[in-house]
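User: I'd like to learn how to read a fold like this one. Could you walk me through it, starting with the core?

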Amino acid sequence: MATIFDRAAAEAAQERGDWASAIALVEAFAECYSRDPDRHDAHLWHLDLLVRAGRLGELAERAGTDVHARRRLDRARRERDASA
């Protein structure tokens, strides 16, 4: 059964700062290294949403096995250090 992705709902949740809803919607569709570019893009978006939501601990957990999560976590830390 294919997962239906409501991109508009995820974007709307992001716009209003409803991080939990946006993350849940995107995460359900996201797939690292997918042959489907939309799923791979959703994976990267999901990682970015984790940063915006301040869920760096969750991102750090993923960074152990996910190179994209590791890169996003490193970038978030650099950005935080630069703004401090």
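User: Which residues have the most contacts inside the largest nonpolar core?

Analyst: The general idea goes like this: in soluble globular proteins, nonpolar side chains tend to be buried together. Here, in what is a predicted model, the largest nonpolar core has 18 residues, and Phe5, Val26, Trp45, Leu49 and Leu59 have the most contacts inside it. H1, H2, H3, H4 (56–63) and H5 (67–83) each supply at least two residues of this core. H3 gives the most, with six residues.

User: Let's take one of those. What does Phe5 touch, not counting residues up to four places away in sequence?

Analyst: Phe5 touches Ala10, Leu25, Val26, Phe29 and Trp45. Two of the names there, Val26 and Trp45, are also on the list of residues with the most contacts inside the core.

User: Now a single helix. Which residues of H1 are buried?

Analyst: A bit of background helps: an α-helix has 3.6 residues a turn, so residues three or four places apart point the same way. In H1 (residues 7–15), the buried ones are Ala10, Ala13 and Gln14. They cover an arc of only 100° around the axis, so they sit on the same side of H1.

User: And what does the face turned away from that buried side carry?

Analyst: That face of H1 carries the exposed residues Ala8 and Glu15. Ala10, by contrast, is buried, and Ala10 is also one of the residues that Phe5 touches.

User: Which helices do the buried residues of H1 pack against?

Analyst: They pack against H2 (19–29) and H3 (37–52). While you're looking at that end of the chain, check the backbone too: just after H1, Gly17 takes a positive phi of about 75°.

User: Zooming out, how many helices and strands are there in the protein chain?

Analyst: Five helices and zero strands, so to speak a plain α-α-α-α-α pattern when you read along the sequence. The radius of gyration is 13 Å, close to the 12 Å that the globule rule gives for 84 residues, so the chain is as compact as a globular protein of that length. Along its principal axes, the C-alpha trace spans about 45 × 30 × 20 Å.

User: What share of the residues counts as buried, and what does the chain expose?

Analyst: Of the 84 residues, 33% count as buried. The chain exposes about 5,400 Å², with carbon and sulfur atoms supplying 49% of that. For contacts with a separation of 6 or more, residues 24 or more positions apart account for 38%.

Note on methods. Residues are numbered from 1 along each chain as its sequence is written. This is a predicted model: local features need pLDDT of at least 70, side-chain atom pairs count only at pLDDT 80 or more; totals for chains, interfaces and linings use all residues. Side-chain values use heavy atoms; hydrogens and water are left out. Buried means under 20% relative accessible area, exposed over 50%, partly exposed in between (1.4 Å probe, protein chains only). Helices (H or I, at least four residues) and strands (E, at least two) are DSSP runs, numbered from the N terminus. The arc is that of the directions from the helix axis to the C-beta atoms. Contact means heavy atoms within 4.5 Å. A nonpolar core is a set of buried Ala, Val, Leu, Ile, Met, Phe, Trp, Tyr and Cys residues joined through side-chain atoms within 4.5 Å. The radius of gyration is taken over C-alpha atoms; the globule rule is 2.2 Å times the number of residues to the power 0.38. Accessible areas come from the Shrake-Rupley method with a 1.4 Å probe; for residues, only the protein chains shown count as cover.
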